[in-house]
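Student: I should like to go through this structure term by term. Please set each value against its definition before drawing a conclusion.

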Amino acid sequence: MVTYKSSSGLSSIKETILSTIYSRFAKWATSEQFCCKAGCFTCCSTNVTITALEGLQILKYCEHENLTQWLGEQLVKCSLRSAPEQTTNEFVATVLNKQTAPSPYKHVEGRCFFLQDEMCLIYPVRPFSCRCFASTTPCSTCDTATVPDTYLYGSTAAMQIIEHLGQFNSWGFMCDILVEQAHLNNYSKIIKATQPSEQIISAKSRLRAAQPIAGFIFPENENNSISALLQSVFSAKIDSRTVEQILNGEKA
Ligand code: SF4
Ligand code: SF4
């Protein structure tokens, strides 16, 4: 386990909750059989969305691995054009309010620059969107991922909790979050590389604010399985409080 200096703007308790969600979700999902394996990377595109907290963890890891200069060079080349229309929690709120969800953001073509020699350069701190992306059939052969319904509902619920944890900070495409967080947390080599003001202005313009959970969406027949996941995450103890108590703002 790599240790880093503690975050300036985002508290270390949030980092502990984030890693708890990652590990509880991974444990919950062990019953699923996926064909994902090292060296399989069709899914590694620039479409990955993350929270500011996840972005900050990636930046800290890159600093620890002496990768910030390289990361700055990659970010300056990253030319996203479209932005997500809704965060996961905004999408779920729209569905719960029986409104029509906006059409999904335009698919951005391009390989994730963290993919090097067919491996993820930031594997220990890859964001949840990468952790939960999986398929029961090889994506390379059928052009798309195949995911069991239960897994899809469970990963959406976990994503919602991670976004809830990230409230009051940004949510968006990984490139944009990394540019924003590097500037906010004084990563000088990245700031230098992405200095042209248009780049930071353009990255910020595509970001959204992470939203609280308005509810969960899963059919009744998935209740047992998804409730087991939620219970496992919310009941996890961090110091003297459960994750649920911390997320609800209850004092120790
Ligand atoms: S989701 Fe698809 S491309 Fe990604 S590792 Fe699994 S099978 Fe491979
Ligand atoms: S961060 Fe890693 S796992 Fe995620 S898309 Fe990039 S290379 Fe793939």
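Tutor: The discussion takes the sheet, the helices, the core, the ligand shells and some individual residues in turn. This is a predicted model, in which local features need pLDDT of at least 70 and side-chain atom pairs count only at pLDDT 80 or more, whereas totals for chains, interfaces and linings use all residues. Residues are numbered from 1 along each chain as its sequence is written, and chains are lettered from A and ligands numbered from 1 in the order in which they are written.

Student: What makes β4 and β5 a pair?

Tutor: Strands are DSSP runs of E with at least two residues, helices are runs of H or I with at least four, and both are numbered from the N terminus. Two strands pair if DSSP finds at least two bridges between them. Strand β4 (residues 170-173) and β5 are joined antiparallel by 2 bridges, so the criterion is met. Ser170 lies opposite Ala209 of β5.

Student: How do you know that β1 pairs with β4?

Tutor: There are 3 bridges between these antiparallel strands, and Thr49 has Phe173 of β4 as its bridge partner. The sheet is open, with 3 strands in the order β1-β4-β5. Because β1 (49-51) and β5 (208-209) each have a single partner strand, they are the edges, and one side of each lacks a neighbour in the sheet.

Student: Which helix lies across β1 and β4, and how is its angle defined?

Tutor: Helix α8 (residues 174-184) does, running at about 135 degrees to β4. Axes are lines fitted to C-alpha atoms, for helices over the stretch in contact, and angles between N-to-C directions run from 0 to 180 degrees.

Student: What makes up the contact of α4 with α7?

Tutor: The axes of α4 (residues 88-96) and α7 come within 9 Å and cross at roughly 115 degrees. Residues are in contact if their C-beta atoms, placed from the backbone, lie within 7 Å. Thr88, Asn89 and Val92 of α4 meet Thr156, Met159, Gln160, Glu163 and His164 of α7. These residues divide into 2 nonpolar, 5 polar and 1 charged, where Ala, Val, Leu, Ile, Met, Phe, Trp, Tyr, Cys and Pro count as nonpolar, Asp, Glu, Lys and Arg as charged, and the others, Gly among them, as polar.

Student: Which residues of α4 are called buried?

Tutor: They are Thr88, Asn89, Glu90 and Val92. A residue is buried if 20 or more other C-beta atoms, placed from the backbone, lie within 10 Å of its own, exposed if 12 or fewer, and partly exposed in between. The buried residues of α4 pack against α7.

Student: Why is Leu207 called partly exposed?

Tutor: Leu207 has 19 C-beta neighbours inside 10 Å and therefore counts as partly exposed. Leu207 sits in the loop between α10 (197-206) and β5. Beyond four places in sequence, Leu207 touches Ser170, Trp171, Gly172, Asp176, Ile177 and Glu180.

Student: What makes a set of residues a nonpolar core?

Tutor: Such a core consists of buried Ala, Val, Leu, Ile, Met, Phe, Trp, Tyr and Cys residues joined through C-beta atoms within 7 Å. The largest has 45 residues, and Ile21, Leu75, Ala158, Ile162 and Leu178 have the most contacts inside it. Helix α7 (residues 149-165) gives the most to this core, with 7 residues.

Student: What puts a residue in the shell of ligand 2, and which residues are there?

Tutor: The C-beta atom, placed from the backbone, must lie within 6 Å of the molecule. Cys44, Val48, Cys112, Phe114, Leu115, Cys120, Ile122, Arg126 and Cys130 surround ligand 2, giving 8 nonpolar, no polar and 1 charged. The shell of ligand 1 divides into 9 nonpolar, 2 polar and no charged.

Student: Why is Asp117 called exposed, and what is its phi?

Tutor: Asp117 has 6 other C-beta atoms within 10 Å, so it is exposed. Its phi is positive, about 50 degrees, although Asp117 is not a glycine. Most residues other than glycine have a negative phi. Asp117 lies in the loop between β2 (115-116) and β3 (119-120).

How values were computed:
Two residues are in contact if their C-beta atoms, placed from the backbone, lie within 7 Å.
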